[in-house]
Amino acid sequence: MRKDMPEPPHALEVCNHHATGMLEIAWSDGVTGILAHRVLRESCRCAHCTAEMRRGRPVRAGDGTRIVSIEALGGSMLQLVFNDGHQRGIYPLAYLRSLAAPGN
Ligand SMILES: [Zn+2]
């Protein structure tokens, strides 16, 4: 096991801006990532959404898409519940970080 690997940044604070439909995540390395709820919904990688994508029917979420509930799972994942009733989206923090890479 290598010990000189830098620790991946973790989320210090998750702030849900319901009015604008943006999820703001402050990371331990000073980066702040902003993700649109719509983009998060379309980026869901649960079994159902992945299967739909394979069938050529990727999720299309409208601008009115909102996250209605955020649940932390084990410190390294977030479960996001959307206002379209979809609640199976489990988002590893590393995935959220890659979606909201600085400079995007
Ligand atoms: Zn899904």
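**Close-up 1. Four protein atoms surround the zinc ion in a tetrahedral arrangement.** In this predicted model, the angles subtended by the four donor atoms around the zinc ion run from 104 to 115°, which makes the geometry tetrahedral. For reference, the ideal angle for four tetrahedral donors is 109.5 degrees. The donors to look for are SG of C44, SG of C46, SG of C49 and NE2 of H86, and they lie 2.1 to 2.3 Å from the zinc ion. Along the chain, the donor residues follow the spacing C-x1-C-x2-C-x36-H. Two of these cysteines can be placed by accessibility as well: C46 is buried, with a relative accessible area of 9%, and C49 is buried too, at 1%.

**Close-up 2. Y91 and Y95 form a stacked aromatic pair.** One aromatic pair is present in the structure. The ring centres of Y91 and Y95 are 6.3 Å apart and the ring planes meet at 20°, so this pair counts as stacked. Both tyrosines fall under the 20% limit for buried residues: Y91 has a relative accessible area of 1%, and Y95 has one of 15%.

**Close-up 3. Two arginines sit over aromatic rings.** Here you can follow R45, whose charged end is placed over the ring of Y95, 3.6 Å from the ring centre. That ring of Y95 is also a member of the stacked pair with Y91. The other arginine in this view is R41, which lies over the face of F82 at 5.8 Å from the centre of the ring.

**Close-up 4. Y91 in strand β6 has contacts with residues from several parts of the sequence.** Strand β6 covers residues 89-92 and includes Y91. Beyond its neighbours within four places in sequence, Y91 is in contact with L40, R41, S43, C44, S76, M77, L78, L80, F82 and L96. One of these partners, C44, is a donor of the zinc ion, while R41 and F82 are the residues of the charge-over-ring placement described above. For a sense of scale, Y91 and H48 are 43 residues apart in sequence, and their C-alpha atoms are 14 Å apart in space.

**Close-up 5. The largest nonpolar core has 19 residues.** Within this core, L40, L80, Y91 and L96 have the most contacts. Strands β2 (22-27) and β5 (77-82), together with helix α3 (93-99), each supply at least two residues of the core. L96 is a good residue to centre on: leaving out neighbours within four places in sequence, its contacts are I25, W27, L35, L40, L78 and Y91.

**Close-up 6. I25 is a buried residue of strand β2.** With a relative accessibility of 1%, I25 counts as buried. Its contacts, apart from neighbours within four places in sequence, are A11, E13, V14, V31, T32, G33, L35 and L96. The C-alpha atoms of I25 and S98 are 12 Å apart, although these residues are 73 places apart in sequence.

**Close-up 7. R97 is a buried arginine in helix α3.** Is R97 buried or exposed? Its relative accessible area is 17%, so R97 counts as buried. Not counting residues up to four places away in sequence, R97 touches P9, W27, D29 and V31. Two of these partners also appear in earlier views: W27 is in contact with L96, and V31 is in contact with I25.

Note on methods:
Residues are numbered from 1 along each chain as its sequence is written. This is a predicted model: local features need pLDDT of at least 70, side-chain atom pairs count only at pLDDT 80 or more; totals for chains, interfaces and linings use all residues. Side-chain values use heavy atoms; hydrogens and water are left out. Donors are N, O and S atoms within 2.8 Å of the metal (3.2 Å for Na, K and Ca); water is not among the atoms, so sites may look incomplete. Four donors count as tetrahedral if all angles lie between 85 and 135 degrees; four count as square planar and six as octahedral if opposite donors are over 155 degrees apart and all others between 65 and 115; anything else is irregular. Buried means under 20% relative accessible area, exposed over 50%, partly exposed in between (1.4 Å probe, protein chains only). Rings of Phe, Tyr and Trp (its six-membered ring) pair if their centres lie within 6.5 Å; planes under 30 degrees apart count as stacked, over 60 as edge-to-face and the rest as tilted. A charge sits over a ring if NZ of Lys or CZ of Arg is within 6 Å of the ring centre and within 35 degrees of the ring normal. A nonpolar core is a set of buried Ala, Val, Leu, Ile, Met, Phe, Trp, Tyr and Cys residues joined through side-chain atoms within 4.5 Å. Helices (H or I, at least four residues) and strands (E, at least two) are DSSP runs, numbered from the N terminus. Contact means heavy atoms within 4.5 Å.
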